[in-house]
Amino acid sequence: MSHGRFNTGVPDEPGSPPYRVLLDETDWGALHTAFGSGEDLPDILLRLLEPDPAAQVAALSELGELGHHQNTIYEAAAPAVMYVAGILDHPVAKALRPYQSVPVRAAVLYWPASATYDASDETVARIEQYCPGFLTPGTTMAAFRELRPTLYQAVAPFLQDSHEDVREAAVSAALVLAEHAALAAHRDHLAEDVRRILGTSSVITNRRIAWRALAAWGRTPPAPEPLREEPWDQAPHSDGRGDLEPPF
């Protein structure tokens with residue numbers, strides 16, 4: 001990845017929030033996605049801020065298809081995930097998803113979590129067996145993994161959100177991000193949230209993420225491990241298109 005193509009520490013400009021500066025200053029067409037260049041990403045990212053929740057969910061689905069795919073992180077994923085992190089506190093994220101009483105913010109939180117899972121220690125260890133050296137400093141994967149502390153700071157305010165679904169989405173994201181050594185001090189606090197998810201959550205993918213976090217941190221998780229299934233394969237971690245049709 002060429003670090004000159006985007007800047008994760010974009011300064012504020014008068015009248016322009018950092019996520020907008022990032023959007024405008026990134027050379028999206030020069031960045032690779034799962035299906036070619038990232039020239040279409042600015043339009044997709046802007047649609048995440050549409051007042052229509054259906055448009056937001058559709059844009060989130062398109063974003064998920066381009067930035068990371070089949071455990072592969074593409075160049076465009078880094079600036080895209082930083083943009084998403086920057087809009088988490090935007091007022092439009094409070095809108096309810098179509099046919100659900102769940103804020104769009106919950107779905108938006110799951111996207112950086114699912115992307116980061118594709119760069120997680122577990123995924124990386126599995127891939128490195130077949131592609132040794134892909135974590136060499138300066139590679140796309142290595143650079144993306146270094147964004148985890150910054151992304152955690154964006155997610156952390158929602159760990160105590162008033163809406164249960166937003167809280168659970170934030171915890172799931174934080175658990176994947178907290179693998180980074182710089183975030184080790186947060187694990188004790190997160191362990192309480194992990195046990196709550198394991199005790200009350202009906203989302204099997206969240207339960208599996210929580211169980212594995214406890215095991216990775218050297219704590220004793222309740223046995224057995226939840227049903228083995230790759231995270232983000234089921235709702236509410238899916239591409240979200242099911243939200244665009246009524247539930248009947």
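# Exercises on a predicted protein model

Proline 157 has its place in the loop between H8 and H9, where helices (H or I, at least four residues) and strands (E, at least two) are DSSP runs, numbered from the N terminus. This is a predicted model, in which local features need pLDDT of at least 70 and side-chain atom pairs count only at pLDDT 80 or more, while totals for chains, interfaces and linings use all residues. Residues are numbered from 1 along each chain as its sequence is written, and side-chain values use heavy atoms, with hydrogens and water left out.

## Exercise 1: a loop residue

Decide whether proline 157 is buried or exposed, and state how far its C-alpha is from that of alanine 170.

*Solution.* Begin with the cut-offs: buried means under 20% relative accessible area, exposed means over 50%, and partly exposed lies in between (1.4 Å probe, protein chains only). Proline 157 has a relative accessible area of 56%, so proline 157 is exposed. Next, take the distance: proline 157 and alanine 170 are 13 residues apart in sequence, and their C-alpha atoms are 8.5 Å apart in space. For the wider setting, the protein has 11 helices and four strands, and 52% of its 248 residues count as buried.

## Exercise 2: the pair H8 and H9

Describe how helix H8 and helix H9 pack, giving the angle and the residues that meet.

*Solution.* Two packed helices are described by the angle between their axes and the distance between the axes. Axes are lines fitted to C-alpha atoms, for helices over the stretch in contact, and angles run from 0 to 180 degrees between N-to-C directions. The axes of H8 (residues 148-155) and H9 (residues 164-177) come within 9 Å and cross at roughly 160°. H8 is therefore roughly antiparallel to H9, given that angles under 35 degrees count as roughly parallel, over 145 as roughly antiparallel, 65 to 115 as roughly perpendicular and the rest as oblique. Then list the contact (heavy atoms within 4.5 Å): Arg148, Leu151, Tyr152 and Val155 in H8 meet Ala170, Ala173, Ala174 and Leu177 in H9. These residues of the contact of H8 with H9 divide into seven nonpolar, no polar and one charged, where Ala, Val, Leu, Ile, Met, Phe, Trp, Tyr, Cys and Pro count as nonpolar, Asp, Glu, Lys and Arg as charged, and the others, Gly among them, as polar.

## Exercise 3: the pair H3 and H5

Find out how H3 and H5 are oriented to each other, and which residues make the contact.

*Solution.* Helix H3 (residues 53-67) and helix H5 (residues 104-117) pack at an angle of about 10°, with their axes 11 Å apart. H3 and H5 are therefore roughly parallel to each other. The contact is made by Pro53, Gln56, Leu60, Leu63 and Gly64 of H3, together with Val104, Ala107, Val108 and Trp111 of H5. Sorted by class, the contact of H3 with H5 has seven nonpolar, two polar and no charged residues.

## Exercise 4: salt bridges

Work out which glutamate pairs with arginine 212, and where the two residues lie; then treat arginine 20 and arginine 208 in a similar way.

*Solution.* Side chains of opposite charge can pair when their charged atoms come close. A salt bridge is a side-chain nitrogen of Lys or Arg within 4 Å of a carboxyl oxygen of Asp or Glu, and a search of the whole structure finds 11 salt bridges.

- Arginine 212 forms a salt bridge with glutamate 122, with the closest N and O atoms 1.9 Å apart. Arginine 212 lies in helix H11 (residues 204-216) and glutamate 122 in helix H6 (residues 121-128), so the pair ties together parts that are 90 residues apart in sequence. Arginine 212 counts as buried at 17% relative accessibility, whereas glutamate 122 is partly exposed at 28%.
- Glutamate 225 and arginine 208 meet in a salt bridge (3.5 Å, N to O). The pair links distant parts of the chain, 17 residues apart, with glutamate 225 in the segment after H11 and arginine 208 in helix H11. Arginine 208 counts as buried at 2% relative accessibility, and glutamate 225 as partly exposed at 23%.
- Arginine 20 forms a salt bridge with aspartate 24, and their closest N and O atoms are 3.2 Å apart. Because they are four residues apart in helix H1 (residues 18-25), arginine 20 and aspartate 24 are separated by about one helical turn.
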